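Grab a pencil and open the structure viewer. Below are a few exercises, each with a solution worked out step by step.

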Amino acid sequence: MTRRNDPIEALIALMARLPGLGPRSARRVVLYLIRKRAQVLRPLAEAMMAVSESARECLNCGNVGTSDICEICEDTRRANGILCVVEEVSDLWAMERAGVFKGRYHVLGGTLSALEGVGPEDLRIPGLINRLETEEITEVILALNATIDGQTTAHYIADQLPGQVTVTTLAQGVPIGGELDYLDDGTISAALNARKTF
Amino acid sequence: MHLTSLSLSHFRSHKRVRLNVDPRPVAIFGANGAGKTNLIEAVSLFSPGRGLRRASAADMARRPEALGWKIAGSVQSADGAHEIAFTSEAGAARQVKIDDKAASQVALGKLCRVVWLIPAMDRLWIEGAEGRRRFLDRAVLSFFPDHAQAVLDYEKAMRERNRLLKEQVRDAHWYTALETQMARAGALIHANRVATVARLSEAQKATETRFPVASLELTQTEGAIPETEKDLREAFAESRFRDIAAGRTLVGPHRADLYGVFSAKGVPASDCSTGEQKALLISLILANARALAQDLGAPPIVLLDEVAAHLDARRRAALYDEICALGAQAWMTGTGPELFAELGDRAQRIEVCEEGLESLVVQGTNTH
Ligand SMILES: Nc1ncnc2c1ncn2[C@@H]1O[C@H](COP(=O)(O)OP(=O)(O)OP(=O)(O)O)[C@@H](O)[C@H]1O
Ligand SMILES: [Mg+2]
Ligand SMILES: [Zn+2]
């Protein structure tokens, strides 16, 4: 069963490298695909082929789509002067799922980390500075993770934005549906500091 | 707080141990190499961090098997009884469960307070600043469990900055961003340490004690200590040039030192006799425990490894009296039962012996 060059084994090995999958679950997935050859496997292979040919990063914001400029950057209604800076495309997609933000995004593609060898030139920071003028940005929302690297990157960017641009960050605090008793002290104190009139 | 039961499985020399203990001090005796320190090391893990030997979880796995290990205990704390369990599988870092639910180190730190004195601290006053800083930070952590996060944040940002320094990066914005984070965490670290030094001083003076008062002062090798977030930010920015030459960060709370003076004599701790230095440490540990008892309504667990052996009979009796007055479950080790004679029935006794490459724990022998 474990012959070399066996395409099934090769597929299992590739699947096992996907985020969230391991060798066991990869085997299960592959068996499932083979059983559902017509309904799932073929269409999946074709969809993958199509994506592999058409997927690209937006030259403006770093979002992933099928054209050089993504739908959000194309949409003039979203040119409201507010730019939301995120670490990864997945963060952008998460914001879009919430469907409340009406401005545009800028995906950095990571965070600054000297230890990981990621410098400003590896992130889309020069592009961000450029966009401030070309898109007449008045507010930059730094929606970066509350980690040391995320916050370092936020400070790094904030430090270089021209004075007339308003810089904001997402509030930290009690999650929707969250119970105080289950929150750690850091979250509680952040929530308390960011309290607002009722 | 105190333990009411403790069980070890494949932890260091102990294959399987099951103990029921009462709130009294625990006198542990046995020959050299029997497994006494290993036993109290297990208790030290009930507070966050790497325990009293600062060992890795892999080192704690019983050899030669080197499988996983497990420690479980029932803790009676101010807010009731809790079951706490630690497991390490195949050398991985230990996982904490409180009442059967996975818990963080910070949550553990809030529940359990454990302070200790071990022979490795004997040279604390005469060796490098790092040991004194660590000693102080353990005390800080016992008062402020969140201190651990501030230290982690500070160190992470500093490692980043040190890499920039080594690679001679000149991007001022990058330095500023990291220094902002270091300053925020650093100011908190400093404030926690100042508060702790004050608490320890207070607690030493508040009680009639046979142990000498150590007056403490936070210092650093040169210049004034930057205290506030703003001070720190400026100090880091100012130091960049020098730091690039050195390839590391030369200012900040990671350079702090603890200066101790034998108060009654006005002599620096580093110039005191061996016995006096030990007495100063005992005084500080007792003060730490008393201050915690005041804050939390119950004394912490105290671990004293080979402390009795270094004291003359009079001092030893004084130590036992103070521990009993404090009401702490102090786990103390010594080679023979006679070292604990002065305790009488104020303590429970545990004998540890070595039997064929395995530590054997016998409870309740030799009650006086
Ligand atoms: N991971 C391990 N697995 C098995 N044995 C270990 C492990 N780590 C340490 N030991 C052994 O445990 C034994 C007991 O050590 P321990 O330090 O507890 O002795 P002790 O009773 O405190 O002795 P002393 O009176 O000399 O301080 C030592 O012989 C040591 O080599
Ligand atoms: Mg020992
Ligand atoms: Zn785009």
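## Exercise 1: where the chains meet

Where chains A and B touch, the contact takes 15 residues from chain A and 19 residues from chain B. Two residues count as in contact if their C-beta atoms, placed from the backbone, lie within 7 Å. Keep in mind that this is a predicted model, in which local features need pLDDT of at least 70, side-chain atom pairs count only at pLDDT 80 or more, and totals for chains, interfaces and linings use all residues. Residues are numbered from 1 along each chain as its sequence is written, while chains are lettered from A and ligands numbered from 1 in the order in which they are written.

Task: find which elements give two or more residues to the side of chain A that touches chain B.

Solution.
- Step 1: the elements to pick out are helix H7 (148-158) and helix H8 (185-193) of chain A. Helices (H or I, at least four residues) and strands (E, at least two) are DSSP runs, numbered from the N terminus.
- Step 2: H7(A) has the largest share, with five residues.
- Step 3: sorted by class, this side of chain A has six nonpolar, six polar and three charged residues. Here Ala, Val, Leu, Ile, Met, Phe, Trp, Tyr, Cys and Pro count as nonpolar, Asp, Glu, Lys and Arg as charged, and the others, Gly among them, as polar.

## Exercise 2: the shell around ligand 1

Task: work out how many residues surround ligand 1, and which are the closest.

Solution.
- Step 1: the shell has 16 residues, and the closest are B:Ser13, B:Asn32, B:Lys36, B:Thr37 and B:Asn38. A residue is near a molecule if its C-beta atom, placed from the backbone, lies within 6 Å of it.
- Step 2: helix H1 (residues 36-44) of chain B gives the most to this shell, three residues.
- Step 3: by class, the shell splits into four nonpolar, eight polar and four charged residues.
- Step 4: now follow H1(B) away from the ligand. H1(B) lies across strand E1 (2-11), E2 and strand E4 (69-77) of chain B, and runs at about 115° to E1(B). For such angles, axes are lines fitted to C-alpha atoms, for helices over the stretch in contact, and angles run from 0 to 180 degrees between N-to-C directions.

## Exercise 3: an open sheet

Task: give the strand order of the open sheet of six strands in chain B, and say why one side of E2 and of E7 is left without a neighbour.

Solution.
- Step 1: the order is E2-E1-E4-E5-E6-E7, with antiparallel pairing. Two strands pair if DSSP finds at least two bridges between them.
- Step 2: strand E2 (14-20) and strand E7 (101-103) of chain B stand at the edges with a single partner strand each, so one side of each has no neighbour in the sheet.
- Step 3: on average, neighbouring strands here are turned by 20° against each other, direction ignored.
- Step 4: for a close-up of one edge, take strand E6 (residues 95-98) of chain B, which pairs with E7(B) in the antiparallel sense over three bridges. In that pair, B:Lys97 stands opposite B:Ala102.

## Exercise 4: around strand E13

Task: decide whether the faces of E13(B) are covered or open, then trace the strand's partners.

Solution.
- Step 1: strand E13 (residues 330-334) of chain B has five of its five residues buried. Buried means that 20 or more other C-beta atoms lie within 10 Å of the residue's own, exposed 12 or fewer, and partly exposed in between, with C-beta atoms placed from the backbone.
- Step 2: both faces are covered, with B:Ala330, B:Met332 and B:Gly334 on one side and B:Trp331 and B:Thr333 on the other.
- Step 3: strand E3 (residues 26-29) of chain B pairs with E13(B) in the parallel sense over four bridges, and B:Ile28 has B:Thr333 as its bridge partner.
- Step 4: strand E12 (residues 301-304) of chain B also runs parallel to E13(B), joined by three bridges; B:Leu304 stands opposite B:Met332.
- Step 5: carry on from E3(B), which four bridges join to the parallel strand E14 (residues 348-354) of chain B.
- Step 6: E14(B) forms a hairpin with E15(B), with four residues between them, and B:Gly356 in the turn has a positive phi of about 55°.
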